[in-house]
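Subject: Structure handover

Hello,

Here is the structure for you to look through. Please keep it open while you read the notes under it.

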Amino acid sequence: MPVVSFGVLGPLEAANEHGPVNLKGLRHRAVLARLLIAKGRVVPVTRLIDDLWDEAPEGALGTVQTFVGALRKALEPDRPPRTPARLLVTTPPGYALRAEDVDAWRFEAAVADSATLLAAGKAGETRALLDEALALWRGPAYAEFAEHDWAHGEAARLTELRLLAIGRRAEAALAMGLVAESVPDLQAQVESHPLREDGWRLLALAFYKTGRQGDALATLRRARDVLRTELGVDPGPSLRQLESDILAQAPHLSAPPPPKLASHARPFVGRVRELAELTDASTAAVATGRPRLALVSGAAGAGKTALARTLTGHLETGGWTIAWGASPELPGAPVAWPWTSSLPDPGGDPAAARFHRQRAIGSYLASKRGPVVVVFDDLHWADEETLALLTALATDPGAGAVLIVGTYRSTEISAGLTEALGRAARTEPARIYLGGLTEPQVHELVGAITDRELDSRRIHARSGGNPFFVRELIRLWETEGDVAHAVPAGVRDVIRQRLAKLSETTRTHLRQAAVLGQDVDLDILIPLAGNENDVLDSVEAALLTGFLVEQDSERLRFAHALVRDTLYEDITHARRARWHATAAELIEAARPDDVEQIAHHLVRAGSRATASRTAHYARAAAERAERRFASHEAARLWRETVAALDRSDDVDARTRLEAVMGLVRALAVTGDLRQARRHRAEAVAAAEAIGDPLLTAGVLGSFDVPAIWPVNDDEALSAVLVAAAERTLITLPADRETERARLLITIAMERRADAGPRGSEAAHEAEKLARDLDDPLLLAYALNGRFMQTFHRAGLAPRRARIGEELLALSTRHGLVTFEVLARLILIQARSALADFEAADRHAAAADLLAERHELPVVGVFTDWYAALRLAVVGRLAEARTAYRAAASRLSGTGMSGLEDGILPLALRSLDPADALPGPDYPHDLLFEVRTCLNAVAARKNHDRPTMERLYVQLLPASGELAGAGSGLLTLGPAAQYLGDLATALGRRDEATDHYRRAQAIADKAGAPHWAAAAREALGF
């Protein structure tokens, strides 16, 4: 595949082997830029919409899809429609760009390599590499988008990297003795970035090395003036030291400067705003020459220490002195241990009075050359002496330019820390609270930790964005797979340790809250626990310790799903069941319409709830799930309904049959066809045994699940169902028209592609009844039945297209999602047969979108086969062969034996039909035309004139179609080509010429040059 190169070091551009790529409009380019910034990671569609518009317009999702479609055509112009994109790919919940050649990535790699080369003394190679890298810049990074929030950070990072490269190139030039050549570049750098001290340092050094000592000193004086005027600060230690060395004509200035080594710190994700606030505090400390206090708080694992380490790493490169101390968790450490461990003893007795220690530490910090940052980690464990010293230092003007960073858990504030924070308030400290990372930040962290494809949305949801929880979940899922409610051992231990600090009463109330779920209603929790004041006290403690967060005055939520799951796991099964049963009663009394929650608790209560009550609410919840098209949820609830009914002593047979058929529908829609057929057969047999025609009609007619393939997966079961439906029609009361229509549809569906008249008769009668009853769902099902009876001859794709269009309009108008999917699949087939691939592609994309939104896995089976067909159409036969094998592997195990049996060999044969062997008279279905064409090839080889005459007549109605493409799976090309071959063999030259001309026109319409060439060859061109 030709590589597309992308340029972002300037205005966005792309190029392929043909030259520049037309990237369309500004928002098209914005989508591409946003995906490039993600560096191959998935950008959710919702994030793209938020980034593209301040207020998303109606239909924003469709607009983004249009942008993506246009970009795909521009970036991969030779990719046939409906074949999988290789560059701009769809990866739920959004898109990713699988770019390989981006100028910014090459630039970044070159800068990283330059540090290694310079450290190894290879100044010449360093300079050559950086010259080449800097030549990639054509203007500001992401020039059109640099001011947008989503691009600003990356653009600024690349700009900083460019300045680093310029400085490093100058260092390399100085090391090579190319001092004079470096001066112009360095002068340009300090003019454009006068606040960067390193540029002034290198320029002054370059002047000195060329014998221009006066210019060197003037440069340093000018740097001092700029810094004082613009920032109100004196030059840092590196500039002051250089000035002293120049005045002393220090010998080492003639030696090559020591190179700076590249940093290999762990990637730091998110916290950009928080890091900026801390950097502002450091700037204020330098500007005022006085201590500045910054307090960083958050829950355990929020990343407080990581933020402080990132800050100190940045400040250290600017000449700051770093001191670090952490309060120990366990008792027994010496008084003021963080201070005495992080700062050298300035002298005196360490056991001296507090006043003398404070003065000694303040004096020591003031004596340091340059600013100092002192980090005191874990202040929630600090002793009284440490806290007193902290607040005293923050108010000591004699300490000089000192940034004091204190970190503590907001959920574990001791009485001493509370008092210290109060004392510190008068210094107006910078207060920074670390909440959870956002979903995109969690996605970035996942990508930084592991190469595996993990569901970052679920990780974010379960962790609440807590970085420690995120890391532990990644480790768990890497070793044990995606375990739905598993809690990593490390996380569980941390949570249990924190819970142990709460009272037993509070822990009990939190466990009861965990039984209620992730969201907690106080109106349910209080009666479940029994004492309102005690519960409110426990809630307050849980809020203060960060286990719960308030949603409003009546509703709470666990801060992390992992907290809730840990609490829930620690409850004994017996107690769980009792609490669930009580919760169900309380919710039923307070919110009787909340059937989903009631059903959830009754199912979890097990034998503590009556089976009939559990079945009642599980059924109500299942029916609601069906109406929302939440088919997987519906299947789970129908199973629970059936299981509860089976435990009941007085279950009504009708009620159980209705539940079983609900399960059958849900199983069929979610793709578990084998189980659906088994349960359906059992239900029909049980219904007939009762002897009630209305009940039997209800069971037979409740299976309103769309079907697309005109070959039964289980002929024996279909015969049983048809016979039962015919018997029931005889005894059904005459006024039950809806039931009659459903029985007729059952006959039409189960006698699909009926060679006799009964299937078609039943389909037309059912359609008439449905139209008279004005029932949209019934009519949709009836149209499906009529579709199943449009295979009695070749060439019926136009008729099926009309059915598909009506069904599409009906289903979209009335929100019938599964029938909309069916309509899209019918139209993929019919439009493919008619070589209208633009329309077929559109319907395939819409079907995939619906399948993704409603979790309908069977749809992807058909669209995968269609993608392989599209490769075959454009003549990419090797790729098509691979795609067919992949599609067949996905078909395996679906239970669609009527489709699966023999389809892969036939698909592979369609790519090379020259050696076809004669076959039997095949049934009239979606593959009738392709099999007829293969028989025609064999008949011509065998000079079997009677067979050729018969096949010509059979295939003639399909002369305007692509043979087999009506299946949406495979094709042999224009049926007219095979008709022309038959006519030639039969001596009908004029007819053959007409057919070949038609074949060429169809091939051109389909965009199939190899078929068009075959038609021209047959015409003698």
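The notes below go from the whole chain to the cores, the sheets, a helix pair and two single residues.

This is a predicted model, in which local features need pLDDT of at least 70 and side-chain atom pairs count only at pLDDT 80 or more, while totals for chains, interfaces and linings use all residues. Residues are numbered from 1 along each chain as its sequence is written, and side-chain values use heavy atoms, with hydrogens and water left out.

Whole chain

The chain has 47 helices and 17 strands; these are DSSP runs numbered from the N terminus, helices being H or I with at least four residues and strands E with at least two. Of the 1021 residues in the chain, 52% are buried. Buried means under 20% relative accessible area, exposed means over 50%, and partly exposed is in between (1.4 Å probe, protein chains only). Among the contacts with a separation of 6 or more, 66% are between residues 24 or more positions apart. A contact here means heavy atoms within 4.5 Å.

Cores

A nonpolar core is a set of buried Ala, Val, Leu, Ile, Met, Phe, Trp, Tyr and Cys residues joined through side-chain atoms within 4.5 Å. The largest one has 196 residues, and those with the most contacts inside it are Ile459, Leu510, Phe558, Trp865, Tyr884 and Leu970. Helix α39 (residues 857-873) gives the most to this core, with 11 residues. A second, separate core has 55 residues, including Phe6, Ala38, Trp53 and Tyr142. As background, nonpolar side chains tend to be buried together in soluble globular proteins.

To return to Ile459: leaving aside neighbours within four places in sequence, Ile459 is in contact with Val442, Val446, Leu454, Val470, Leu473, Ile474 and Trp477.

The five-stranded sheet

Five strands form an open sheet with parallel pairing, in the order β9-β10-β11-β8-β12. Two strands count as paired if DSSP finds at least two bridges between them. β9 (321-326) and β12 (430-434) are at the edges and have a single partner strand each, so one side of each is left without a neighbour in the sheet. On average, neighbouring strands of this sheet are turned by 15° against each other, direction ignored.

At one edge, β9 runs parallel to β10 (residues 372-377) and is joined to that strand by six bridges. Ile322 stands opposite Val373 in β10. At the other edge, five bridges join β8 to β12, again parallel, and Ser297 stands opposite Tyr433 in β12.

The side chains of β12 alternate: Ala430, Ile432 and Leu434 point to one face and are buried, whereas Arg431 and Tyr433 point to the other and are not. Helix α11 (residues 272-288) lies across β8 (292-298), β11 (402-409) and β12, and runs at about 160° to β12. For such angles, axes are lines fitted to C-alpha atoms (for helices over the stretch in contact), and values run from 0 to 180 degrees between N-to-C directions.

The three-stranded sheet

Another open sheet has three strands in the order β4-β6-β5, with antiparallel pairing. Its edge strands are β4 (43-44) and β5 (88-91), each pairing on one side only. Two bridges join β4 to β6 (residues 94-97), and Gly94 in β6 is the bridge partner of Pro44. Helix α1 (residues 26-37) lies across β4, β5 and β6, at about 75° to β6.

A helix pair

How do helix α37 (residues 817-833) and α39 lie, and what makes the contact? Their axes come within 11 Å and cross at roughly 15°. α37 and α39 are therefore roughly parallel to each other, since angles under 35 degrees count as roughly parallel, over 145 as roughly antiparallel, 65 to 115 as roughly perpendicular and the rest as oblique. On the α37 side the contact is made by Val821, Leu825, Ile828 and Ser832, and on the α39 side by Val859, Phe862, Thr863 and Tyr866.

Two single residues

Val642 is in helix α28 (residues 631-647) and counts as buried at 10% relative accessibility. Not counting residues up to four places away in sequence, Val642 touches Arg656, Ala659 and Val660. Val642 and Val660 are 18 residues apart in sequence and 6.5 Å apart in space, C-alpha to C-alpha.

Gln1000 is in helix α46 (residues 989-1006) and is buried, with a relative accessible area of 19%. Apart from neighbours within four places in sequence, Gln1000 is in contact with Ala1012, Ala1015, Arg1016 and Leu1019.

Regards
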